[in-house]
Structures are given as C-alpha cells and as structure tokens.
Amino acid sequence: MQTKHYLIAITALSLILVFLFLQKNIPARWRPVVDSFEEHYEGDKIITDLCRNVGGRMSGTEKGRYAEEWLLDKLRTYGYQDIQTDTFSFLGWQRKTCRLQVAGISDSVTAMAIAMTPDKIEVVADLVDMKNGDAADFERMRIAAVRGKILLIDLRDKPGSRGEHRTVKIRRALEARAAGIIFYSRYGGNIISTGTGSFKNVLPIPVISISRESARLLKDRLKQEAKVQAFISVQNTLFQANSRNIYVDIPGMSLKEEYIVLTTHLDSWDLAEGAIDNGIGISITLNLAKQLKLMKKRFRRSVRLIWFMGEELGLKGSYAYLRQHKAELKNIATLINLDMPEHINGFNLMIDDFNRPVLEQLARDMESLNLQKLVVNVPWLNSDHVPFLLAGVPVLTFVGGNNNYTSKIYHSSRDVLEYVDFSDLKRSSLIVGLTVLELAESQQLKNHHLNAEQVEERLIASGMKEALKLQNLWPFK
Ligand SMILES: [Zn+2]
C-alpha cells in the first residue's frame, strides 16, 4: 500500500512537471490555441465512434457510403454548411472466397486475396520459394524455374534494403510470367495482411496472402520434396463503383487564393476497424475541423481539409481529385498528407526543400513537443500525396517514430481501436493543428512549385523511379 501511494505521488508530480515544461516552452502566440485545444479536444471520441459505429469502410461498398455519410454528419454538427463533395467512378473490388491447398498439408491453409485479383480464377502449379522477391532474388533464378510457377514471397525486405511495396514485387513476378503469388506477412503472430495488388488494372493471376507461420509449413514441405504442388482458388466481386471525396474550406484573408491543404483518407480495409489506418488521421482532421470552426479566426491563407476515398484500392480518390481540380493545383502552397501519423518526431519535405527554413523554425518552436528528427527529405510512396508530388505540388508529411506493434497490424484483422495510443493521438493532433495554423499564417512561406523537369530529376536522384515505373505510375518517359 505504502509503495502504491508513493508511486501515485511520483506519477502525479512528473505529470505536473511535464505540464509546466510544456507551458513554459510553448511560444506565447500559441497559448490561446493550446488552451482552446485542451478545452474542446474530442479526438478520442471521434476515433471510438468511427471504429465502433462505422468500422471497416471499403470504398464503393455500402460501408464506404455509410462512412461518407458519417463524416458529412460530423462536419454539419461542427457548423460547416458549405461542404463540398466530388463523386468519382472506379473499378470496385470486394473479396468473396480464397482457398489454398498445398500437397502434403492436409488442411487448407488460411489465406486472403490481395485486392485487384480477378473475379474468378483457379491455378494449380509447383511452388517456388522466391525469398524476398527483390530484383536480386529474381535475377538469381533461371526464367524456366519461375515461369508458370506459384511464387512464395516474403513481404519483408532484406535487412538494410529500401522497403519495397507489394505491387513492385508483383510486377516483377508478372514480368517473369509466374502463375500465382503467395505473399506472407512481415511479422509472426498469425497476422495476415491485405492490400492492393495494382494501382491500375485487374491482375491477371491470383495473388494471395498468408501468415508467416503458414509460410514456414510451406517452406518445410519444399525442403522435404523437390516438387510441391499448390492449388489456389479465388473469387472476388468486381464492379463499377462510385465514391465521394469530401472537403471544407476556411477562407483566408490577404493571401486568400493560396491554400494550405490537409488530406487524409477516410476509407479502410474490410478486415477490421481501420483504427490505425487511418482512424488516427481521420480523428486528427475532424478534431481540427471542429477547432477551426470554434476559433472563428481567418488566416492569411485559405485552409482546405480533404477526406479522400479509394486510397486503399490504389489512390483512386486523390488521382480523381487531381483530374477534377487541375486548374487549382498551382494555388496549393503546401499539401500535408496524414496517413497513420503516429509518434510524430519531425517533418518530411519529400523532394522540395524550398521552404525548409520555415519548417526548421517551426520544429524549433515545437521543441517542447519533442520533435527530434526536425526536418528531413525522404520521399515515400503509396499514399494520397503521390499524385500531387508527381505534379510538383509542395508536399509535407510527418516523420513517425517507430511504434513496433501498429506497423505490424495495419491492413490486418487486428487494426482495431485497442491498439490506438490515445495520449499519442492527442499529441499528434496538437502538432498537426499547430502546423496547419502556422503555415496558413506564415509570412515566410512561399508558394513554390517544382516544374516537371525538376520533379523527374529529383525522383531519379532519390531512387524512386524504378518503384514508380513498376507500379505504372511514372508520369515521365
Ligand atoms: Zn493508409
């Protein structure tokens, strides 16, 4: 009992110290904002409501439409009257059945189809262990050893190598004329992770996903026998789908025509609640939408908050937005994309360094919020900022610290509310909110875009060309 009281006292004292530290170090101009944030914060409530009452929300499905209505309703509650929606069409996909049978293993192996696999396909072929499925693994194998085979591929990458998206590995397998692919999860724990297999068209072969534990059984079989046959049967629904991108504006003052745009995807996978991917982003943006309305303040620049649909199926919503708003792109002074913004510890300016001093100053001002990595230029792909990055729009994302567990469970049946770190969510919410407000008000920020030549050159320099080419997203020759 004594020890318990002692511990409570210590905890309380450290909380007070942390609070005093934050108060002391936050620039004076932020005080009213931080106070208002504390008073009206409802990020926990938003993400709980989203996970428990909306749940999985794949674009183009009933649940996806329900999520759109849920978001519209929230915005109306916060007092937004002029909510814009853009409808877009795309090829929708929903899983039906997926079966994997391997010779020598009596039960069928639990498997899940990767999105954009065909509506109905069956394949019987020999199994080949393709290790990590990177360029070196494919080069090492003779063409005949891969052609017409079902490839077992690790979603994990070799230590020290740049992470490769599943679509890149699929493209290589297609070029080698494989008959099918069985991916297995990066981590153990009987996790099966889903994802899209293509940013453009329906795949011509079955691509499925199993756990790391199941993959071990398959590899054991391959060690015992020279030839191990596998049977894959997949059924999905392909349909003409519609979804809506939703956005609201806070009109600016003296630089009204310039925009700070904050984007986040509303859709998720069907296997769970989409709590980490991307309930966190949705909670942060909706909480900010609420706070901006309450502040009744107008900034130098306009602010636009966008919720995209169709991200998970292959950036459908953000590409549609790019097509529908082409003429306005030049007015985006910064586009900030939030996709699982956890444990934020810095800013990422991708390929455009022009406004680096502004972000460096901001990072210093946020010292008390523990932004250790400050400002980096590390372009990454596979989220809604990609179409804008390729169009030369200045893109900003947040650098996330390593959270061991959530990076393992996203895209799986475990992406549920229980894994959300509520105190971290609140901290991220404050950092994102302050960033938007500061950039909207900044005197130093310049609306600087890269031309096509500069974008191409910088993407090549940062090693992004091969991945974008293999994903059919490279816009240059
Ligand atoms: Zn996401």
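**Helix α7 and the strands around it**

Mentor: Start with α7 in this predicted model: its buried residues are R166, T167, V168, K169, I170, R172 and A173.

Trainee: What makes a residue such as R166 count as buried?

Mentor: The cut-off is 20 or more other C-beta atoms within 10 Å of its own. R166 is listed as buried, so it meets that count.

Trainee: Why is helix α7 called largely enclosed?

Mentor: Because 7 of the 10 residues in α7 (166-175) are buried. The cover over those buried residues includes α5 (135-140), β4 (150-154), β5 (180-184), β6 (207-210) and α16 (465-470). Just past the helix, R177 has a positive phi of about 60°.

Trainee: How do you know that β3 pairs with β7?

Mentor: Pairing needs at least two bridges. Strands β3 (120-129) and β7 (229-250) have 7 between them, so they pair, and they run antiparallel. K120 sits opposite Q235 of β7.

Trainee: What makes β3 and β4 a pair, and in which sense do they run?

Mentor: They share 3 bridges, so they clear the bar of at least two. The sense is parallel, and L127 faces I150 of β4.

Trainee: Which residues touch the most other members of the largest nonpolar core?

Mentor: L151, I181, I182, I208 and V436, out of 127 residues. That core takes at least three residues from each of domain 1 (28-91 + 240-470) and domain 2 (92-238).

Trainee: What is L151 in contact with, leaving aside its neighbours within four places in sequence?

Mentor: V128, M130, V146, A173, A178 and I181. Their C-beta atoms lie within 7 Å of the one on L151, so they count as contacts. A173, one of these, is also on the buried list for α7.

Terms used: Residues are numbered from 1 along each chain as its sequence is written. This is a predicted model: local features need pLDDT of at least 70, side-chain atom pairs count only at pLDDT 80 or more; totals for chains, interfaces and linings use all residues. A residue is buried if 20 or more other C-beta atoms lie within 10 Å of its own, exposed if 12 or fewer, and partly exposed in between; C-beta atoms are placed from the backbone. Helices (H or I, at least four residues) and strands (E, at least two) are DSSP runs, numbered from the N terminus. Two residues are in contact if their C-beta atoms, placed from the backbone, lie within 7 Å. A nonpolar core is a set of buried Ala, Val, Leu, Ile, Met, Phe, Trp, Tyr and Cys residues joined through C-beta atoms within 7 Å. Domain bounds come from an automatic or database domain assignment.
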